[in-house]
Protein chains: 2
Amino acid sequence: MQNTQPIGIFDSGVGGLTVASAIHRLLPQESFIYFGDTRHAPYGDKSKSTILDYSRRISKFLVESNCKAIVIACNSASATAYTELREDWPQIPILNVVDPVVREVARLKARKVGLIATRATVRSELYPKSLQQFDAQALMVQKATPLLAPLVEEGFAGTKVSRGALEHYLQDPSLEDLSHLILGCTHYPLLQKEIEDYFHQKVQVLNSADLVAIALQKMLEQKALLNTHGLPASMQFYVSEKTDAFRDTAKLFFGQEIDLQERLLPA
Amino acid sequence: MQNTQPIGIFDSGVGGLTVASAIHRLLPQESFIYFGDTRHAPYGDKSKSTILDYSRRISKFLVESNCKAIVIACNSASATAYTELREDWPQIPILNVVDPVVREVARLKARKVGLIATRATVRSELYPKSLQQFDAQALMVQKATPLLAPLVEEGFAGTKVSRGALEHYLQDPSLEDLSHLILGCTHYPLLQKEIEDYFHQKVQVLNSADLVAIALQKMLEQKALLNTHGLPASMQFYVSEKTDAFRDTAKLFFGQEIDLQERLLPA
């Protein structure tokens, strides 16, 4: 394995581009290949065997494209396929999008942690289960915030639409007195500032995209896989179905214009 | 066929409940069976053959449940399955959700008609095609308004969230100077008043749910199938997948508490 090889990043759609963006900001010298399975998005309402099948096929594509590490930038695939993918590719470092943020909760000795996410992620109990695993003592309160993902996707972050929706969801009494709030959906980093403002900066907002990027950096360092050859890095973006709408959304999520290529999910 | 038999109404999800509600208000003596294929919703992004297959299986269930008429309360299924279902069941009156509103546009000799709908409905050109068919001379302008359906489904109609989203979409210059506006999605009747207010009552908003109910009444009259036996009517509501979230949405869409039963899509 050479440290100039790219990092593979995948998601059910374009949401994982916020993770790719965080990785690109922290590690600009790293090349990466992004795969968004937009044809099958969202994964949240699919069966475990279907999500596992898709995740395996995408991972195979990334490994065959010579990736040195894989980042599962999707909550549903993190919940469903992480263990299996590590078994499939024992030689390749694999990160999911849940563990780094929960590890941070444990490290910070957080008192009361809120989690906002899609209905599917809340129902899966993904974050509370991971919390137990890391033996964190924090109290965790989950709140499904189903309008936030479509709202961000349609470009309404930073408008009175997002403010209204956030007020509606965050005024839930169960979220009173939080010390921390996890953004449990890859779309939500685009709402981070508004959420911090809502809580008057009194709640620390944990953005999994940033924490995954930091965890990836550490993991690559440990395995001597950080690219030390400097720029220029290459970035490739694939989606399994391309529509006009994705172009704008992709720019929004990645933070700059990108060239999306259509590619069928590998067999 | 007896006029006491129920009416069958189906949709990909719970949106068609606004159509069921309009039918129930206009024809309270009629019994009906509603089927929402929530397991496969939304149909908009499915292939034609898949939508046709689902529509046929639901219709078979409705016919076998002794329905005297079928209302396709779903834009995607109206576009895809209307002709085929009429061929499958020549003895049963079948209505779709598009033709009644477009026929009204022709009857009113509308000048410039706006259509707001999901991205899939706009892309399908369903309404412009139907307009040609009815030889209406109106100019039609389509506008995709993708956040409106999830927004209504999540209970944000009548809030600053809906007002903000409507302002954003309706200020599009292409919608200037409208004489009429079609609500091209079964979710949108819940936004009708706000939309009328936005246009200061100067644009006539055409609600397909109401127009389908009127068209159904006429059709049943013509075929001597209107129930003349008076109340009580029975209402049955089936969905192919039931979640807690649907219960609230169903109440919102139908306008009163209803008993949703889960039932797999018939084979």
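Turn chain B by 180° with 0.0 Å of shift along the rotation axis and it lands on chain A with an RMSD of 0.0 Å. That is how a two-fold axis relates its copies. The superposition is a least-squares fit on the C-alpha atoms of residues with pLDDT of at least 70 in both copies. Val161(B) is the residue of chain B that comes closest to the axis, with its C-alpha at 2.2 Å. Both copies use the same surface, since 100% of the contact residues of chain B recur in chain A.

A bit of housekeeping: this is a predicted model, where local features need pLDDT of at least 70, side-chain atom pairs count only at pLDDT 80 or more, and totals for chains, interfaces and linings use all residues. Residues are numbered from 1 along each chain as its sequence is written, while chains are lettered from A and ligands numbered from 1 in the order in which they are written.

**Where the chains meet**

The contact takes 13 residues from chain B and 13 residues from chain A, with "contact" meaning that the C-beta atoms of two residues, placed from the backbone, lie within 7 Å. On the chain B side, α7 (148-153) and α8 (160-170) each supply at least two residues. The largest share, four residues, comes from α8(B). Helices (H or I, at least four residues) and strands (E, at least two) are DSSP runs, numbered from the N terminus. By class, this side of chain B has eight nonpolar, two polar and three charged residues. Here Ala, Val, Leu, Ile, Met, Phe, Trp, Tyr, Cys and Pro count as nonpolar, Asp, Glu, Lys and Arg as charged, and the others, Gly among them, as polar.

**Two domains in chain A**

Chain A splits into domain 1 (7-96 + 210-262) and domain 2 (99-208), with bounds from an automatic or database domain assignment. Their centres, taken over C-alpha atoms, are 22 Å apart. Between them, 19 residues of domain 1 of chain A are in contact with 21 residues of domain 2 of chain A. On the domain 1 side, α1 (17-26), α3 (75-88), α10 (208-222) and α11 (244-254) of chain A each bring at least two residues. The largest share there, four residues, belongs to α10(A). That side of domain 1 is made up of seven nonpolar, eight polar and four charged residues.

α10 of chain A also turns up among the elements covering the buried residues of α4(A), along with β5 (112-117), α6 (126-133), β7 (180-183) and β8 (204-207). The buried residues in α4 (residues 99-107) of chain A are Pro100(A), Val101(A), Val102(A), Glu104(A) and Val105(A). A residue is buried if 20 or more other C-beta atoms lie within 10 Å of its own, exposed if 12 or fewer, and partly exposed in between, with C-beta atoms placed from the backbone.

**Backbone oddities**

Most residues other than glycine have a negative phi, and most peptide bonds are trans. Here are some exceptions.

| Residue(s) | Backbone feature |
|---|---|
| Lys109(A) | positive phi of about 50° |
| Gln201(B) | positive phi near 60° |
| Ala224(B) | positive phi near 55° |
| Ala41(A) and Pro42(A) | cis peptide bond, omega about -10° |
| Ala41(B) and Pro42(B) | cis peptide bond, omega about -10° |

Lys109(A) comes just after α4(A). Gln201(B) sits in the loop between α9 (192-198) and β8 (204-207) of chain B, and counts as exposed because it has 9 C-beta neighbours inside 10 Å. Ala224(B) lies in the loop between α10 (208-222) and β9 (235-239) of chain B. Pro42(A) is in the loop between β2 (32-36) and α2 (48-64) of chain A.
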